[in-house]
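Work through the following exercises with the sequence and the model open side by side. Each task is followed by a solution in steps.

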Amino acid sequence: MKHRGRHRRRRRGRALRASLAGTALALTAAATLISTSQAAGGKTPGGLSSVGSASELRELRLKESLTDRTALETLTARMGGRVGVDEVLRSANHTMRDESDCFVTEKGVLPVAPTAARAYCWEAPDAVDDRWRPQSVTTSRDNKVIVSGWTHAGTTAGEEGLARVAFVDASDPSDLKYRWVLLVVPQADGKGLKAVRSRLGGMAWYENKLIVTARNPQNSGYRDDSLFVFDLDRFLRADVTDSDAIGKVDQGFSAHHYRYVLPAVASYSPASGETCDARGNDGVPCLTSVSLDRTSTPPSVVANESFTTGSGTAARVWRYDLDTVSDRAGLLGTTGRQGEVEADEAYETKATGVRGVLSHDGDWYVSQAAAKQGRHGTVWRQDEEHARAATCTNGTSEHQSYACWGLHGGPLSYAPGTGELWTLTAPVPERVLYAVRLSDVESALD
């Protein structure tokens, strides 16, 4: 059963935004806050275009596939029973460096305006191992746990495409520690497991479910048109931690040197059964990234596509309602039509190189990569009429620019417990996890 509601559009008063603009000016002497129509140089994507026709919305439908319950319980029993996220955090064996201990090159990726409220850098060798790429971030509701998804980009046999997640204990902001967990799917008989191999372009944490972008595990190539869902009350322990193997071995279960695995409990793929075209020619959704909107009714997952400059295709941003029934909390809301999930609303944005999207209190925020190598990105706030962003002088030019967000900026995630907007960067040696207060973003936009 699909539970849908009217999404609230609680617009902040323009007078309040104007008063906050003075605070934003104090954040950095380099920032100049002007509307997009007044900005010197650069192109704006303009307002969002509503995707309202029934046929266009049907293109975004997903089909739900639940992991066989018997297979899941069999695997859980064979691996010694489930454990929760608290045990994983208590066993954290890696320490993050705070901003004061980050290298100059790492600090160089941080936003120019508005500035980061806090920033952290990864422990070696995670900070410099180019085989693994940080791709996504989300947080618990109280922001005491931060989750980051990484994908193996190397070509070593058996490792390519592996997906792992860092569970970060952020209960003490001055002492962040984390533990790696490997993402897996149970075999049909529940007697084994196999690795999820995918680019984790986006993540959303709602209740006890972690939703990530992922390819369909039945296909051999990488796909950005599917979602996996994991139950955060169902971590499993590997018996063998000194083996490259993934699955059942003589001594028990091995997870490629990882102590914990997290098995998928559900997946979603295009209802049409087709694979998305990276050029956007067939209408099948290319799920590049996702994030959570707690301010909609019901809460929802928002998603985006991303196409390169010159593709001629406008990227879509859209939302799926989450189910709120207790035994399905965190799964997507389905209709009675054979477990299909319908998009609640959708828009097109002319922004290119979209890295992530966030919807909050009716506003849409789009993270856009720079058109040129080595430039900072941009975060736009878009509605159906306008696109606005902070402008600044970032040291590369005397002219005002929209390139004020972080260098190599990634997906966006909002932490309601602290009012912070989180993102992260991927390239070596500039891997940083950082947060900017959403109120600072707001004041810098108008």
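**Exercise 1: a serine in a strand**

Task: Locate Ser 136 in the secondary structure, decide whether it is buried or exposed, and list what it touches beyond its sequence neighbours.

Solution. The model is a predicted one. Step 1: Ser 136 lies in strand β7. Step 2: buried means under 20% relative accessible area. Ser 136 has 0% relative accessibility, so it counts as buried. Step 3: with neighbours within four places in sequence set aside, Ser 136 is in contact with Val 147, Ser 148 and Gly 149, with Leu 200, Gly 201, Gly 202 and Met 203, and with Pro 411 and Leu 424.

**Exercise 2: the largest nonpolar core**

Task: Find how many residues the largest nonpolar core has, which of them have the most contacts inside it, and which elements supply it.

Solution. Step 1: the largest nonpolar core holds 32 residues. Step 2: those with the most contacts inside this core are Met 96, Trp 122, Ile 146, Trp 422 and Leu 433. Step 3: two or more residues each come from β7 (132–139), β8 (145–152), β9 (163–169), β10 (177–186), β11 (193–195), β17 (252–255), β30 (420–424) and β31 (432–437). Step 4: β10 gives the largest share of the core, 4 residues. As background, nonpolar side chains in soluble globular proteins tend to be buried together.

**Exercise 3: a strand and its partners**

Task: For strand β18, state how many of its residues are buried, then determine which strands pair with it and in which sense.

Solution. Step 1: strand β18 spans residues 260–270, and 11 of its 11 residues are buried, so the strand is largely enclosed by the rest of the structure. Step 2: strand β3 (residues 62–66) runs antiparallel to β18 and is joined to it by 5 bridges; here Leu 62 stands opposite Pro 270. Step 3: β10 pairs with β18 in the parallel sense over 4 bridges, with Leu 182 opposite Val 261. Step 4: strand β14 (residues 226–231) is antiparallel to β18, with 4 bridges between them, and the bridge partner of Leu 227 in β18 is Tyr 268. Step 5: β15 and β18 pair in the antiparallel sense over 2 bridges, where Arg 237 stands opposite Tyr 260.

**Exercise 4: an open sheet and a helix**

Task: Give the strand order of the open sheet of 4 strands, identify its edge strands, and describe how helix α6 packs on it.

Solution. Step 1: the order is β24-β25-β26-β27, with antiparallel pairing. Step 2: β24 (354–360) and β27 (387–388) are the edge strands, since each pairs on one side only. Step 3: β24 and β25 (residues 363–368) are joined by 6 bridges, and Gly 356 has Ser 367 in β25 as its bridge partner. Step 4: helix α6 (residues 438–445) packs on the sheet and touches β24, β25, β26 (378–382) and β27. The direction of α6 makes about 90 degrees with that of β25.

**Exercise 5: a loop residue**

Task: Place Ala 245 and classify its accessibility, then give its contacts and its distance from His 257.

Solution. Step 1: Ala 245 sits in the loop between β15 (236–237) and β16 (246–249). Step 2: its relative accessibility is 28%, so Ala 245 counts as partly exposed. Step 3: apart from neighbours within four places in sequence, Ala 245 contacts Ser 254, Ala 255 and His 256. Step 4: Ala 245 and His 257 are 12 residues apart in sequence and 8.1 Å apart in space, C-alpha to C-alpha.

Definitions and conventions:
Residues numbered from 1 in each chain as written. Predicted model: local features only at pLDDT ≥ 70, side-chain atom pairs only at ≥ 80, totals over all residues. Heavy atoms only, no water. Core = buried A, V, L, I, M, F, W, Y, C linked by side-chain atoms within 4.5 Å. Buried < 20%, exposed > 50% of the residue type's maximum accessible area, 1.4 Å probe, protein only. Contact = heavy atoms within 4.5 Å. Pairing = 2+ DSSP bridges. Axes fitted to C-alpha atoms, helices over the stretch in contact; angles between N-to-C directions.
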